[in-house]
Amino acid sequence: CAGEENWVDSRTIYVGHREPPPGAEAYIPQRFPDNRIVSSKYTFWNFIPKNLFEQFRRIANFYFLIIFLVQLIIDTPTSPVTSGLPLMFVITVTAIKQGYEDWLRHKADNAINHCPVHFIQHGKLVRKQSRKLRVGDIVMVKEDEKFPCDLIFLSSSRGDGTCFVTTTGLDGESSQKTYYAVQDTKAFHNEQEIDALHATIECEQPQPDLYKFVGRINVYHDRNEPIARPLGSENLLLRGATLKNTEKIFGVAIYTGMETKMALNYQSKSQKRSAVEKSMNVFLVVYLCILVSKALINTVLKYAWQSEPFRDEPWYNQKTEPERKRNLFLLAFTDFLAFMVLFNYIIPVSMYVTVEMQKFLGSYFIAWDEEMFDEATGEGPLVNTSDLNEELGQIEYVFTDKTGTLTENNMEFVECCIEGHVYIPHVICNGQILHDSTGIDMIDSSPGDSGKEREELFFRALCLCHTVQVKDDDSVDGLKKNQVARRPCIYISSSPDEVALVEGIQRLGYTYLRLKDNYMEILNRENNIEKFELLEVFSFDSVRRRMSVIVKSSTGDIFLFCKGADSSIFPRVKEGKIDQIRSRVERNAVEGLRTLCVAYKKLTEEEYSNVQELLQNAKLALRDREKKLAEVYEKIERDFILLGATAVEDRLQEKAADTIEALQKAGIKVWVLTGDKMETAAATCYACKLFRRNTQILELTTKKIEEQSLHDVLFDLNKTVIRQNGSLTRDTFSG
């Protein structure tokens, strides 16, 4: 962005380690780590001191060490061996157990660090070990392979410069996400073209947020000024993710090894302590206090008894002259320590041996458990650290996502409402389902001419306002129109809702065919192919709760289509049948269906030029890019004409209700987290038995964040409870 100063905390990367052409900014060399991943805690050299330090941080081990040293230093009634041997046994067993577990981590790290990766060097494909990869290297990744580091996506085998990725290993999401290659490099399909690329990448320093990335790429053509393109999270392929449904991709390494987002999200390698161990430490402190007081009382009683004549020196145990001259306080302290040693059996060292052995062997019993074996993946449970085995039996709270966890994440289009008219894909007529029907009007008579126009706009909006990709798009060429109509499309999207909507509209007569050369093709009811140029995509985000596209029709009209949550769309609408559509949305939400509203507006060429300029400036910003883009979206996404709404069903997983019921009977508190409408969430909670008919529901909701904060709602509730305090018992009030 012209005139914008560079980041203070940023990095500049030369793609393929090529020096920039003359005229480019001076290069300040930066050192980056190699691509080795280290998840282990110890090395061969630091194992003994580090492990001993961690073990003696335990109160019990430290206590036995002190007792052992006391026995060595002073004349005690018991041998030092009685404390030393058990302590050595505990320390050795624990060290062997932790050393073995860490050796397994080393083994796993070596397997990852030595796995082969395809690099491009001097226009040729070279195979090297993953650990030798450096920032700036250009890498080729094939289908079903994991990305070896964090890469900027340069080009793919797909003509439209996209690729599909699953991030199950990062965030647990099983759906395929679409990523986009850099505009100026997506046409490079072989090693020679990629190797000839002259470009620099400016980006932020590594940070752990998986969904945030800000940068820009400067592509140099000959000696001309570089072309700057914005880079966002949609261009960043993360280590740990897997390439799907794409033959191969080329990318340039920007974060490697322990700087990758996956590595930055690793939990701390410090020793984890279970609740049992923490409670044992508490009891240990109590017993230590008892032991100290016992030794103190006995020391006082000894000197009280010896204060009488002749008791201090019986005839059979006369003191020597040096003993008579010893300091009384030093003698008393030595006696106190002797009593400590004498009574130290109050804290059983054998218990710690038993607990360590039980944890170590218990981890094998977990791994051998046949009921925890998953036949679908062919994998059983894996115990990474045996220190936490017993924690599994002490879980008090379960937090669960709704979509894809309680539900199947397999969406099915149920109906759409356009201008108050309801359309259902499968119409029942005389008890038979008419699959090829174009819908039915459930509320009123058929729509008039203006209604027909809105209906077609609604179907076009749903065919165009999405990020869905067609898997077999290459086979469209050369097909006749009627073949295209009958041809089954396999849609792929990171959001199953979008796939359900596109498939649902296909059953109502409009088919989305593909995106080719930035033109979206749809097949209408008359079997004619309509082409729309895709000008801009405003991606969905959880704050705006909507997404928009700007498209240009073959007649030159520019449309902005928007779909999103009703709370996000209705305040931005200036006309349309709002009341009828709102009532239908609320009815569907109460039935547990996922609802979306669809709206549009027409733009003039001049308005679009202004929009384009605002967007370009915001996209190239390095500082506060997200905030600037949000401000631009807010300016553009307003004054809509409401078209209608959709309803999609996401069925509950089999036995989800029985599982929640069993967890609640076990005394575990279950929390469901969801971004749905309140009515949809409540309907799902009743269906999965989280709520019962007699459940008293406490609603803490605000319609608009600007008007009333959650703090105010809680404050009002508190006043209500205090007002009703007279009629409440103490137990109910505290509850």
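# A guided tour, starting from Thr 166

Select Thr 166 to begin, and display its surroundings: once the neighbours within four places in sequence are set aside, Thr 166 is in contact with Ser 174, Ser 175, Gln 176, Ala 241, Thr 242 and Lys 244. The model on your screen is a predicted one, and Thr 166 has its place in strand β6. Is Thr 166 buried or exposed? Its relative accessible area is 10%, which is under the 20% cut-off, and therefore Thr 166 counts as buried.

**The whole protein**

Now zoom out until the whole protein is visible and colour it by secondary structure, which comes to 22 helices and 29 strands. Of the 735 residues in the protein, 42% are buried. The protein exposes about 40,700 Å², and carbon and sulfur atoms supply 55% of that area. If you look at contacts between residues at least 6 apart in sequence, 68% of them join residues at least 24 apart.

**The largest nonpolar core**

Next, select Phe 147, Leu 151, Ile 152, Ile 201, Leu 237, Ile 249 and Ile 254, which, of the 44 residues in the largest nonpolar core, touch the most other members. To see where this core draws its residues from, colour strands β2 (116-121), β4 (138-142), β5 (150-156), β6 (162-167), β8 (199-204), β9 (215-219), β11 (236-237) and β13 (248-255), each of which gives two or more residues to the core. Which of these elements gives the most to this core? It is β13, with six residues.

Stay here and centre the view on Ile 152. Apart from neighbours within four places in sequence, Ile 152 is in contact with Val 182, Ile 201, Phe 213, Leu 231, Asn 235, Leu 236, Phe 250, Gly 251, Val 252 and Ile 254. Another core lies apart from this one; it has 41 residues, and among them are Leu 457, Cys 463, Val 468 and Tyr 491.

**Ser 157, in a loop**

Move on to Ser 157, which is found in the loop between β5 and β6. With a relative accessibility of 32%, Ser 157 counts as partly exposed. Not counting residues up to four places away in sequence, Ser 157 touches Thr 246, Glu 247 and Lys 248. Then add His 189 to the selection and compare the C-alpha atoms: Ser 157 and His 189 are 32 residues apart in sequence, while in space they are 6.5 Å apart.

**Helix α2, two kinds of side chain**

Select residues 59-73, which form helix α2; this helix of 15 residues reaches 21 Å from its first C-alpha to its last, close to the 21 Å expected at 1.5 Å a residue. Which residues of α2 are buried? They are Ala 60, Asn 61, Tyr 63, Phe 64, Ile 67, Val 70 and Gln 71, and these buried residues pack against α1 (47-55), α3 (81-113), α7 (275-306), α9 (328-342) and α10 (349-368).

Now show the side chains of Phe 62, Ile 66, Leu 69, Leu 72 and Ile 73, which together make a nonpolar surface patch of about 490 Å². One of these, Leu 72, is found in helix α2.

**Cys 465 and Glu 521**

Go next to Cys 465, in the loop between α12 (449-464) and β19 (469-470). Cys 465 is buried, and its relative accessible area is 1%. Leaving out residues up to four places away in sequence, Cys 465 touches Glu 498, Met 547, Ser 548, Val 549, Phe 561, Cys 562 and Lys 563. One of these partners deserves a distance label, since Cys 465 and Lys 563 are 98 residues apart in sequence but 7.2 Å apart in space, C-alpha to C-alpha.

Then select Glu 521, which is found in strand β22 (residues 519-523). Glu 521 counts as buried at 5% relative accessibility. With residues up to four places away in sequence not counted, Glu 521 touches Thr 511, Tyr 512, Leu 513, Arg 514, Ile 529, Glu 530 and Lys 531.

**Two positive phi angles**

For the last stop, select Arg 545, in the loop between β23 (529-538) and β24 (546-552). Its phi is near 60°, a positive value in a residue other than glycine, and Arg 545 is partly exposed, with a relative accessible area of 29%. Finish with Lys 655, in the loop between β28 (640-652) and α19 (656-665). Phi of Lys 655 is near 65°, again a positive value in a residue other than glycine, and at 57% relative accessibility Lys 655 counts as exposed.

Note on methods. Residues are numbered from 1 along each chain as its sequence is written. This is a predicted model: local features need pLDDT of at least 70, side-chain atom pairs count only at pLDDT 80 or more; totals for chains, interfaces and linings use all residues. Side-chain values use heavy atoms; hydrogens and water are left out. Helices (H or I, at least four residues) and strands (E, at least two) are DSSP runs, numbered from the N terminus. The expected span of a helix is 1.5 Å times one less than its number of residues. Buried means under 20% relative accessible area, exposed over 50%, partly exposed in between (1.4 Å probe, protein chains only). Contact means heavy atoms within 4.5 Å. Patches are made of residues with over 30% relative accessible area and no salt bridge: like charges are joined within 9 Å, nonpolar side chains (Val, Leu, Ile, Met, Phe, Trp, Tyr) within 5 Å. Accessible areas come from the Shrake-Rupley method with a 1.4 Å probe; for residues, only the protein chains shown count as cover. A salt bridge is a side-chain nitrogen of Lys or Arg within 4 Å of a carboxyl oxygen of Asp or Glu. A nonpolar core is a set of buried Ala, Val, Leu, Ile, Met, Phe, Trp, Tyr and Cys residues joined through side-chain atoms within 4.5 Å.
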